Amino acid sequence: MSEIHPDQRVAVLADSQNLYHSAQSVYSRNIDYSGLLDEAVADRSLVRAIAYVIRADSPEEESFFEALRDIGFETKIKEIKTFADGSKKADWDLGMSLDAVSLASHVDTVVLCTGDGDFARLCSHLRHEGVRVEAMGFGNSAADELIEAADDFVDLAEEEDTFLL
């Protein structure tokens, strides 16, 4: 595992849906994305910060997207899909993974802000490519396979004042 140092180039990829649902279900609170970004970068050199969000036609979502941009995140927005049976689906797993792989040759560290175990294989791939992988999520809802696959895991629940509004 590579060590953290100030010259590291960092990409921060935030799975906003995963973070939102974890924070709401356990704490009934929202994520403090400014605190999240500060802690993820940790005085290193930020190359790119991307928040993956879903447009669900909620009245406050545009102001949320704008706030993310003001903090320093690029927003990637996907429309929610409604199927004939009324079920809905939207996730960014593939998009986040492709971006992480694309960024791997330009950064030293990728910080995945999610608790989704589907990213465990991505962690293994990035580490094989020589990229340090850090994950940030709520330990009580984060997948064990993600925690084990990352070089480091930050449990957002351990610092509620930093990561929750």
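**Asp-155, helix H2 and a charged patch**

The side chain of Asp-155 comes to 2.9 Å from the backbone nitrogen of Ala-157. This contact belongs to a predicted model. Asp-155 is a buried residue in strand E8, which covers residues 152–155. The points below take up Asp-155, then helix H2, then a patch of negative charge on the surface.

**Asp-155**
- A polar atom of the Asp-155 side chain also lies 2.8 Å from the backbone nitrogen of Gly-139.
- Although buried, Asp-155 forms no salt bridge.
- Arg-29 has the nearest side chain of opposite charge, and it is 12 Å away from Asp-155. A salt bridge would need a side-chain nitrogen of Lys or Arg within 4 Å of a carboxyl oxygen.

**Helix H2**
- Helix H2 spans 33–41.
- At the start of H2, the backbone nitrogen of Ser-34 has a side-chain oxygen of Asp-32 within 3.1 Å.
- Tyr-33, Gly-35, Leu-36, Leu-37, Ala-40 and Val-41 are the buried residues of H2.
- In an α-helix there are 3.6 residues a turn, so residues three or four places apart point the same way.
- After H2 comes Ala-42, with a positive phi near 50°.

**Negative patch**
- Asp-38, Glu-39, Asp-43, Glu-158 and Glu-159 make up a patch of negative charge on the surface.
- One of these, Asp-43, sits in the loop that runs between helix H2 and strand E2 (45–55).
- Asp-43 counts as exposed because its relative accessibility is 74%, where exposed means over 50%.

Technical notes. Residues numbered from 1 in each chain as written. Predicted model: local features only at pLDDT ≥ 70, side-chain atom pairs only at ≥ 80, totals over all residues. Heavy atoms only, no water. Patch = residues over 30% accessible without salt bridge, like charges linked within 9 Å, V, L, I, M, F, W, Y side chains within 5 Å. Areas by Shrake-Rupley, 256 points an atom, 1.4 Å probe, with all protein chains shown as cover. Lys, Arg positive; Asp, Glu negative; His and termini not counted. Charge placed at Lys NZ, Arg CZ, Asp CG, Glu CD. Helix = DSSP H or I, 4+ residues; strand = E, 2+ residues; numbered from the N terminus. Buried < 20%, exposed > 50% of the residue type's maximum accessible area, 1.4 Å probe, protein only. Polar contact = N/O pair within 3.5 Å; in protein donor to acceptor, adjacent residues only side chain to side chain.
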